[in-house]
Amino acid sequence: MKRTILLFLLILSLVLAGCANSAQNPSGAPEPAEPDSGQSVYEYGEPNIIASNEGYLYCYLLYPKTGNTDIDKTIYDWAYSVYTDAQEELALLYEEDTALEGEINLQYNAYLVRDAYVGIEELGFYSHSHMAHPTNFVKIFNIDLTTQTLIENDKILDAAREADVLALLRGKILERYPDMTANVEEMDGEWLENIVLNHDGIDVVLERGEHLPSAFGLLTFSLPYTELGAAFILSPASAETPITQTASFEAVLSETTTPPPAEPAPETQLALPPLLMQDGFDPDKPIIALTFDDGPSKVTPRILDLLGQYGARATFCVVGNRVNSYPDIVRRVVAEGSELIGHSWDHKQLTKLSADGIQAELVKTKDVIYETAGVSPLLYRPPYGAVNNSVKTVSASLGLSIINWSIDTKDWKSRNAESVYQAVMSQAADGGIILCHDLYGSTADAMERVIPELIARGYQLVTVSELLSASGAPIEAGTVYYKR
Ligand code: ZN
């Protein structure tokens with residue numbers, strides 16, 4: 001008991017030390033979350049993922065599955081080609097350099113436009129050991145929901161008015177970069193290759209270094225529907241009121257709902273990790289921690305239901321930029337006694353980032369977790385489990401401990417409930433940390449057997465904080481833990 005109190009104080013001091021260095025001060029009023037504009041529908045469709053963390057390629061490609069077979073095939077084929085192209089290139093390089101490492105990361109934003117269209121913007125980067133700078137790339141998919149088809153660019157903008165659109169774009173570029181007069185003197189249709197439908201207008205995305213200096217990075221310029229005028233020709237085929245003119249488009253836009261009121265700030269100022277005080281815990285019985293990475297997703301509630309059914313807890317390692325898409329699920333994790341920790345903001349391999357980059361990934365994620373669920377995690381899981389001295393140093397300065405795993409289900413690879421079940425049951429051991437992903441239905445299927453059978457074998461299913469606390473040894477910031 002005394003040891004538990006000491007541990008409590010230690011953890012409290014870690015929290016305070018960590019917070020002093022972080023951008024946010026939890027003892028003050030939290031900054032209100034950015035009000036959701038209501039237009040971003042990141043959760044459009046089911047997030048699907050092509051993942052790999054073996055060998056020389058670290059890959060995390062996120063893309064939506066819309067439910068329409070043709071559209072989904074087009075999107076999947078493109079995402080898969082990103083993966084296989086990199087795989088092929090790296091396989092050749094690997095023959096020469098077995099220390100080679102490559103990474104591809106792909107995220108998407110989806111925008112719902114007056115319930116008639118969805119614009120999907122896939123933003124990626126690709127890098128490997130022999131590259132001086134990562135390559136950024138973008139791919140746009142605009143969907144007409146009424147006809148369930150992809151929309152070609154020439155159905156969005158009138159080709160005959162291309163010069164008008166380019167003049168508008170030129171104006172927007174010069175507004176932001178007045179020195180670029182020479183660069184925008186001669187523009188052609190290629191500047192309008194990546195256009196994504198958004199709520200108020202068309203976003204033109206320019207790839208890094210493609211038309212403007214690469215130091216500017218990837219650029220997005222918004223061309224409002226009101227300013228595009230007659231150049232904007234899109235009209236949903238089967239909409240009751242065809243929209244052929246900007247005016248009527250605006251009228252429909254203005255009917256869209258106002259953003260929901262911001263959530264009241266959570267009252268909890270500091271959430272301490274649950275110590276070994278939870279009901280029924282027996283220090284003499286074996287413990288094991290299930291961890292779920294890459295969520296939250298639509299699969300997460302199934303896993304929470306199962307945990308609740310068996311009185312078990314787990315740890316959910318959430319990707320920061322997914323939290324605002326599923327705030328209720330994130331709050332539910334905490335409300336039901338499971339642990340919520342970060343897994344970076346957008347799943348970049350932290351070992352490839354500068355110290356500032358690592359800090360930004362961790363702080364942003366900690367902040368969105370705090371703003372959404374009112375807890376300040378003391379632990380996090382790095383993407384791919386990748387850690388180096390820089391990651392450890394930054395983690396220590398933020399008061400964060402690093403959690404990896406001792407049992408890998410490789411559920412992302414097999415997507416097969418039986419394989420996941422076998423992987424857990426064959427490797428389960430006292431004090432173990434099990435790696436799963438709450439992205440796959442097959443993982444949730446596996447949990448239907450894994451959770452009751454682990455309990456039947458005498459395991460107590462605890463959170464990672466509980467598991468680490470059980471050893472009685474201090475949990476140190478900046479240290480990597482694989483098991484108790
Ligand atoms: Zn992950």
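An open sheet of 6 strands runs in the order β1-β2-β3-β4-β5-β6, with mixed pairing. At its edges are β1 (46–54) and β6 (149–150), each pairing on one side only. Strands here are DSSP runs of E with at least two residues, helices are runs of H or I with at least four residues, and both are numbered from the N terminus. Two strands pair if DSSP finds at least two bridges between them. Strand β5 (residues 135–144) meets β6 in the antiparallel sense over 2 bridges, and I143 stands opposite L150 in β6.

A word on the model: it is predicted, so local features need pLDDT of at least 70 and side-chain atom pairs count only at pLDDT 80 or more, while totals for chains, interfaces and linings use all residues. Residues are numbered from 1 along each chain as its sequence is written, and side-chain values use heavy atoms, leaving out hydrogens and water.

Now let us turn to strand β10. Which partners does β10 pair with in the parallel sense? They are gathered here.

| Partner of β10 | Bridges | Sense | A bridge pair |
|---|---|---|---|
| β11 (residues 315–318) | 3 bridges | parallel | D293 with C317 |
| β16 (residues 432–437) | 6 bridges | parallel | F292 with C436 |
| β17 (residues 460–461) | 2 bridges | parallel | I288 with L461 |

Strand β10 (residues 287–293) is largely enclosed by the rest of the structure, because 7 of its 7 residues are buried. Buried means under 20% relative accessible area, exposed means over 50%, and partly exposed lies in between (1.4 Å probe, protein chains only). From β10, I287, A289, T291 and D293 point one way, whereas I288, L290 and F292 point the other way.

The loop between β10 and α6 (300–309) holds P296, and a cis peptide bond with omega of about 0° joins G295 and P296. D294 lies in that loop between β10 and α6 too. Its phi is near 80°, a positive value in a residue other than glycine, and D294 is buried with a relative accessible area of 3%.

H347 also has a positive phi, near 65°. H347 sits in the loop between β12 (339–342) and α9 (355–373) and is buried, at a relative accessible area of 3%.

Finally, to the surface: E162 belongs to helix α3 (residues 162–176) and counts as partly exposed at 31% relative accessibility.
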